[in-house]
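I set out to record what could be looked up around the bound ligand and in the sheets of this model. The entries follow in the order in which I took them.

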Amino acid sequence: MPTVPDPDLVPFEPPDHPTIRAAFRNVIESYPRALYDGQGLVRYRTRFLDSVLVSEPELIHDILVARADLFRRDDVTRQLLSPMLGPTSLFMAEGADWRWQRRAVAPTFRHDKLLALVPTFSTIAVRQVKRWRAAPCEQPVDVAEAMGQTTLEVIVGTVLGSAGALDAQGFARALTTELDSFPWRFILTAFRAPLWLPYPGRWRAARAREHIYREAARLVAQRRRVSARADLLDLLLEARDEETGRVMTHEELVRNLATFILAGHETTAVALTWTLWLLAKYPHVQDQVAAEANATIGSGAVEAQQVERLAFTRQVLQEAIRLYPPAPAISRQPLAPLVLGGEQLTPATQVTITIYPLHRNRRVWKNPDSFDPDRFTVDQVKARPRYAYLPFGAGPRVCIGASFAMIEATVVLAILVHAFRFTAVTGHRPHPVARVTLRPRGGMPLYIEPR
Ligand code: HEM
């Protein structure tokens with residue numbers, strides 16, 4: 001275990017107090033130092049906002065698991081995401097509306113079904129290897145963009161069963177435009193101002209959302225005409241609520257398809273991006289991943305039964321998403337007044353589980369600002385509180401795609417590191433910026449050379 005922090009892994013100094021200004025710039029930079037030093041809960045009140053920030057495993061268990069029924073998705077997340085994901089998609093719905101949808105898609109995410117997807121993950125990763133082999137390697141390449149494309153191809157290939165049916169580049173551009181408008185919408189929401197007020201990029205974002213909606217609607221219509229095999233979209237089309245007999249409306253299908261494409265690719269792309277940067281910075285760890293890949297996968301493709309043997313590769317990913325959690329915060333609002341950690345909350349209180357500081361909480365993690373994949377050996381995981389590590393959330397609304405994402409990322413990482421050596425660009429210190437997901441500002445340039 002490294003005994004000193006790596007200054008490159010400390011991109012900013014946390015403030016003593018949260019401010020709206022810092023939150024507008026980059027919400028993770030507004031989380032106060034106390035959350036890293038072990039104070040479980042910080043309350044922040046302004047004239048418009050009553051916010052509670054939580055970074056203590058027991059309190060998190062209370063909110064997400066023990067009393068999950070007493071909370072709903074918060075208004076800020078609703079205002080930010082529902083224009084894109086719709087108010088009743090799996091991600092947004094509440095209560096019975098949420099429960100039946102979750103039950104309907106759960107079979108797709110069973111372990112045996114996921115292992116059957118390994119050949120698709122593998123083929124798409126090999127396609128990325130070919131793209132990089134064909135490109136000149138004297139200049140750094142933006143691995144953030146490449147990982148966005150790879151994970152988009154994976155989700156389209158698995159959700160729709162036929163990769164290439166979506167205009168991947170147009171979709172990725174539209175998503176970036178939409179995410180870039182979030183700081184303004186956050187400010188409007190924080191000051192309880194209506195979202196129709198003008199702000200920079202408002203029309204661009206509206207057009208981007210329209211593009212995402214139109215693409216998803218086109219794919220649903222296309223699939224209604226030709227059904228190929230039982231992929232996730234077919235499950236959505238066939239889903240029927242056992243209690244009421246209802247099926248999904250066209251609007252719900254389109255919104256859910258957009259939800260799966262968005263929730264399923266952007267987070268995994270940033271997970272892989274940060275991991276590749278860490279491996280470029282720590283060549284001895286990269287060599288260990290390459291050695292494991294050489295010993296396991298032989299020809300360059302990965303088969304389902306080999307995934308389990310890529311244990312170190314998986315640990316590297318787990319450590320990367322500790323330092324750079326793709327979803328850096330999860331928020332809720334109480335349905336009725338309640339007491340949490342001694343604080344009286346009202347239905348207007350926004351409760352945010354601050355995953356970024358939680359993953360660097362000094363009370364839980366030894367030398368948290370250092371990169372050490374051995375934190376994820378079985379013994380070390382057992383020795384830690386369960387709710388100290390939450391890249392995928394917890395409780396009934398835990399990420400439905402968690403295993404999907406870990407298998408996919410393990411396969412893709414093994415194939416890429418088997419084929420290439422990644423080297424950091426001297427002097428480039430990536431800065432994580434929270435735009436729902438934790439993206440590196442300005443992309444992630446790395447040198448890539450064939451092994
Ligand atoms: C590294 C990759 C991923 C990360 C870090 C991640 C993270 C998360 C987190 C933290 C939540 C919980 C949000 C909350 O409680 O408010 C969530 C929910 C969700 N995720 Fe993921 N996710 C990833 C990949 C995926 C994939 C691959 C899919 C689909 C194939 C997916 C689909 C969803 C959906 C549909 C929800 C909403 C579940 C519900 O509310 O019932 N995610 N994700």
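**Entry 1: the ligand**

I began with R73, where a side-chain N or O atom is 2.5 Å from an oxygen atom of the ligand. I note that the model is a predicted one. I then turned to R332, whose side chain places an N or O atom 2.8 Å from a ligand oxygen atom. For R397, I found a polar side-chain atom 2.9 Å from an oxygen atom of the ligand. I next asked which elements give two or more residues to the shell around the ligand. They are helix 5 (95–105), helix 13, strand 5 (329–334) and helix 18 (402–419). Helix 13 gives the most, with five residues.

I looked up the whole shell as well. The ligand is surrounded by 25 residues, and the closest are R73, W98, R102, R332 and C399. Sorted by class, the shell has 16 nonpolar, five polar and four charged residues.

**Entry 2: the five-stranded sheet**

I followed the strands of the open five-stranded sheet and recorded the order 1-2-8-5-3, with mixed pairing. Why is one side of strand 1 and of strand 3 left without a neighbour in the sheet? Strand 1 (41–45) and strand 3 (71–73) stand at the edges and each has a single partner strand, so one side of each has no neighbour there. From one strand to the next, the twist averages 30°.

I then examined the pairing of strand 3 with strand 5: the two run antiparallel and are joined by three bridges. Within this pairing, F71 has P334 of strand 5 as its bridge partner.

Two helices were checked against these strands. Helix 3 (residues 57–66) packs on the sheet and touches strand 1, strand 2 (50–54), strand 3, strand 5 and strand 8 (350–354). The direction of helix 3 makes about 125° with that of strand 8. Helix 4 (residues 75–85) lies across strand 3, strand 5 and strand 8, and runs at about 25° to strand 3.

**Entry 3: the three-stranded sheet**

I also traced an open sheet of three strands, in the order 4-12-9, with antiparallel pairing. Which strands form the edges here? I recorded strand 4 (141–142) and strand 9 (420–424), each of which pairs on one side only. Strand 9 pairs with strand 12 (residues 445–450) in the antiparallel sense, over five bridges. One bridge that I looked up has A424 with L446 of strand 12 as its partner.

Helix 7 (residues 118–134) packs on this sheet, where it touches strand 4, strand 9 and strand 12. I noted an angle of about 65° between the direction of helix 7 and that of strand 9. Helix 13 (residues 250–281) packs on the sheet too, touching strand 9 and strand 12, and its direction makes about 80° with that of strand 9. I had already met helix 13 in the shell around the ligand, to which it gives five residues.

**Entry 4: salt bridges**

I asked how many salt bridges the structure holds. The count is 31. I singled out the salt bridge between the side chains of R209 and E178, at 3.0 Å from N to O. This pair links distant parts of the chain, 31 residues apart: R209 belongs to helix 11 (residues 202–225) and E178 to helix 9 (residues 168–180).

Methods: Residues are numbered from 1 along each chain as its sequence is written. This is a predicted model: local features need pLDDT of at least 70, side-chain atom pairs count only at pLDDT 80 or more; totals for chains, interfaces and linings use all residues. Side-chain values use heavy atoms; hydrogens and water are left out. Two strands pair if DSSP finds at least two bridges between them. Helices (H or I, at least four residues) and strands (E, at least two) are DSSP runs, numbered from the N terminus. Contact means heavy atoms within 4.5 Å. Axes are lines fitted to C-alpha atoms, for helices over the stretch in contact, and angles run from 0 to 180 degrees between N-to-C directions. A residue is near a molecule or strand if one of its heavy atoms lies within 4 Å of it. A polar contact is a pair of N or O atoms within 3.5 Å; within protein, one must be able to donate a hydrogen and the other to accept it, and residues adjacent in sequence count only if both atoms are side-chain atoms. Ala, Val, Leu, Ile, Met, Phe, Trp, Tyr, Cys and Pro count as nonpolar, Asp, Glu, Lys and Arg as charged, and the others, Gly among them, as polar. A salt bridge is a side-chain nitrogen of Lys or Arg within 4 Å of a carboxyl oxygen of Asp or Glu.
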